[in-house]
Amino acid sequence: MALLNILEFPDPRLRTKAVPVDPARLADPEFQRLFDDMFETMYEAPGIGLAASQVDVHQRFMVIDVSEEKNQPLVFVNPNIVAKAGEQVYQEGCLSVPGIFADVTRANEITVQALDRHGQPFEMTIDGLLAVCIQHEMDHLDGKLFVDYLSPLKREMVRKKLAKQKRQDAA
């Protein structure tokens, strides 16, 4: 396995809309290794979700593990939210926007349909943190970031703060 490079805001590649995965590709050992590399990258970061778009692979899939023990890995290929209910505000962070957290309003409960890493279709109705995480990662697949939910002023402040951090890290 290998650690992958995570794109960071304001990298324009994060705005790329991901294309659906051909289910036949899921039988390819290289594609399976990509899932494993994404889990390793996510756990190392550390994070609870990682969309393919964040590692410059612009296809519709993501890996998630919201468990404390990091032993419940989930893969969602070609995910589609088919139902939403309620509303919740959750303080979100993002591996592509390191060190920044903000309140984002999302659906409280969602029903998602997807393929697992082996191409088997499934449907889940979930709420809480997992529902937030799925919605957050699906935004990535659509070229959207959680900072897009912020006011333009706050978004510009985030961009400047990240640029300053990069300059300090380079010094």
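**Exercise 1. Secondary structure and overall form**

Task: State how many helices and strands the chain has, and in which pattern they follow.

Solution. Step 1: count the elements. The chain has 3 helices and 7 strands. Both are DSSP runs, numbered from the N terminus: helices are H or I with at least four residues, strands are E with at least two. Step 2: read along the sequence. The pattern is α-β-β-β-β-β-β-β-α-α. Step 3: check compactness. The radius of gyration is 16 Å, close to the 16 Å of the globule rule for 171 residues, so the chain is as compact as a globular protein of that length. That radius is taken over C-alpha atoms, and the rule is 2.2 Å times the number of residues to the power 0.38. Step 4: add the box. Along the principal axes, the C-alpha atoms fill roughly 45 × 40 × 30 Å.

The model is predicted: local features need pLDDT of at least 70, side-chain atom pairs count only at pLDDT 80 or more, and totals for chains, interfaces and linings use all residues. Numbering runs from 1 along each chain as its sequence is written, and side-chain values use heavy atoms, without hydrogens and water.

**Exercise 2. Burial and contacts**

Task: What percentage of the residues count as buried, and what percentage of the contacts with a separation of 6 or more join residues 24 or more positions apart?

Solution. Step 1: apply the cut-offs. Buried means under 20% relative accessible area, exposed over 50%, partly exposed in between (1.4 Å probe, protein chains only). Of the 171 residues, 45% are buried. Step 2: turn to contacts, meaning heavy atoms within 4.5 Å. Pairs 24 or more positions apart make up 64% of those with a separation of 6 or more.

**Exercise 3. Cis peptide bonds**

Task: Locate the prolines Pro10 and Pro46, and describe the peptide bond that leads to each.

Solution. Step 1: recall the background. Most peptide bonds are trans. Step 2: take Pro10. The bond from Phe9 to Pro10 is cis, with omega near 15 degrees. Pro10 sits in the segment before helix H1 (29–44). Step 3: take Pro46. Ala45 and Pro46 are joined by a cis bond with omega about -15 degrees. Pro46 is in the loop between H1 and strand E1 (49–51).

**Exercise 4. Positive phi**

Task: Where do Asp56 and Asn78 lie, and are they buried or partly exposed?

Solution. Step 1: recall that most residues other than glycine have a negative phi. Step 2: Asp56 has a positive phi of about 65 degrees. Asp56 lies in the loop between E1 and strand E2 (61–64). Its relative accessibility is 34%, so Asp56 counts as partly exposed. Step 3: Asn78 has phi near 50 degrees. Asn78 belongs to strand E3 (residues 74–85). With a relative accessible area of 22%, Asn78 is partly exposed.
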